[in-house]
Amino acid sequence: MIGDAVSRSGVELAGRVLSPGGDYRADWLADGDKQVSPFFLGKGLTVELRHRMVAGCRAGGAAGLFAVSLQSNRIDNSTSVMPLGEFLERGLTDFSDRFLVVSSSFDGAMLSTVQGCVLIAGDSRFMRSAVPEGVDQARAEFARYAKKLKDKLPGLMCIAREFGPRKGAWKRSEDVAEGSGTAEQLNLMRAFVAGSLSAREFATGWLDARRRAMNEGDRVISPLAVALDEVFSALEDYSIDPVLRDPDDLTDEELVERVREITNRMDSV
């Protein structure tokens, strides 16, 4: 909580999170199995990046954050907790391009690099909110951006190689790894159209599996991604509770036919 926080020196804060070389400390990353995603910084700390940091802090219950300038002539300055609302509104207007921002609960951080990007790091709860698209998806998008700017900013490619996606992207149903959340989604679709599951069981189980796939960082691309998005759209038109069902919502029979058509088309690719 902000009221319980005391001022700390920049050296103390940086030393708790960063190694002498200026990277995240291995033991800090290992505590809570933290992951790292790079994002392009450009000309400043954008509203999007500030929103990501604030969302991660709030997910972990932190009411504020520490901000440390990494300029050698300012790192000794003491710093107090900055309220999240202030950071979201103002950002780091007094800082240079080199900075470290740390959640007051120390479960997440954002570090600027000399290559022109920031590295957002945190435990699973922090990253689910700060990087809702998933760590691997964010890494893949950064790699594509770095490739476009490789002539102008070659250092971004070094970051992209260091923080590449942990998993490959699955294009077709046969590519999907067994035991994954995505595999569970596919199994539920096939069981549903085979008559082994009720519509209610399918809807509940499939949405749970979708959340699991997102939390585990599964990456899917077209045409498989299109098929899964179509199932999700169908479930948005279906009410699990019959009492709350509107006249234009899908019936159980209509839902199974929709999923059967999607499944058959998916498996024929």
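These legends walk you through several close-up views of a predicted model.

**View A. Asp175 in the loop between α7 and α8.** Start with Asp175, which sits in the loop that follows α7 (155–162) and comes before α8 (181–193). Its relative accessible area is 38%, so Asp175 counts as partly exposed, since that class covers values between 20% and 50%. A polar atom of the Asp175 side chain lies 3.3 Å from the backbone nitrogen of Lys171. For a sense of scale, look across to Ala109: 66 residues separate Asp175 and Ala109 along the chain, and their C-alpha atoms are 34 Å apart.

**View B. Where α8 meets α11.** Here α8 is shown with helix α11, which spans residues 252–267. The two axes come within 9 Å and cross at roughly 125°. That angle makes α8 oblique to α11, because oblique takes in angles that are neither roughly perpendicular, at 65 to 115 degrees, nor roughly antiparallel, at over 145. The crossing of α8 and α11 is left-handed. On the α8 side, the contact is made by Leu186, Met189, Arg190, Phe192 and Val193. From α11 come Asp252, Leu255, Val256, Val259, Arg260, Ile262, Thr263, Met266 and Asp267. Sorted by class, the contact of α8 with α11 holds nine nonpolar residues, four charged ones and one polar one.

**View C. A cis peptide bond before Pro223.** This view centres on the bond that joins Ser222 and Pro223. It is a cis peptide bond, with omega at about 10°. To find your way, look for the loop between α9 (199–215) and α10 (224–236), which is where Pro223 is placed.

**View D. Asp33, with a positive phi.** Asp33 belongs to the loop between α2 (26–30) and β2 (35–40). Although Asp33 is not a glycine, its phi is positive, at about 55°. The relative accessible area of Asp33 is 57%, so this residue is exposed, the cut-off for that class being over 50%.

**View E. Phe106, with a positive phi.** Last comes Phe106, in the loop that links β6 (99–103) to β7 (108–112). Phe106 is a residue other than glycine, and its phi has a positive value near 60°. Is Phe106 buried or exposed? Its relative accessibility is 8%, so Phe106 counts as buried, a class that takes values under 20%.

Methods: Residues numbered from 1 in each chain as written. Predicted model: local features only at pLDDT ≥ 70, side-chain atom pairs only at ≥ 80, totals over all residues. Heavy atoms only, no water. Helix = DSSP H or I, 4+ residues; strand = E, 2+ residues; numbered from the N terminus. Buried < 20%, exposed > 50% of the residue type's maximum accessible area, 1.4 Å probe, protein only. Polar contact = N/O pair within 3.5 Å; in protein donor to acceptor, adjacent residues only side chain to side chain. Axes fitted to C-alpha atoms, helices over the stretch in contact; angles between N-to-C directions. Parallel < 35°, antiparallel > 145°, perpendicular 65-115°, else oblique. Left-handed = near helix turned anticlockwise from the far one by under 90°. Contact = heavy atoms within 4.5 Å. Nonpolar A, V, L, I, M, F, W, Y, C, P; charged D, E, K, R; others polar.
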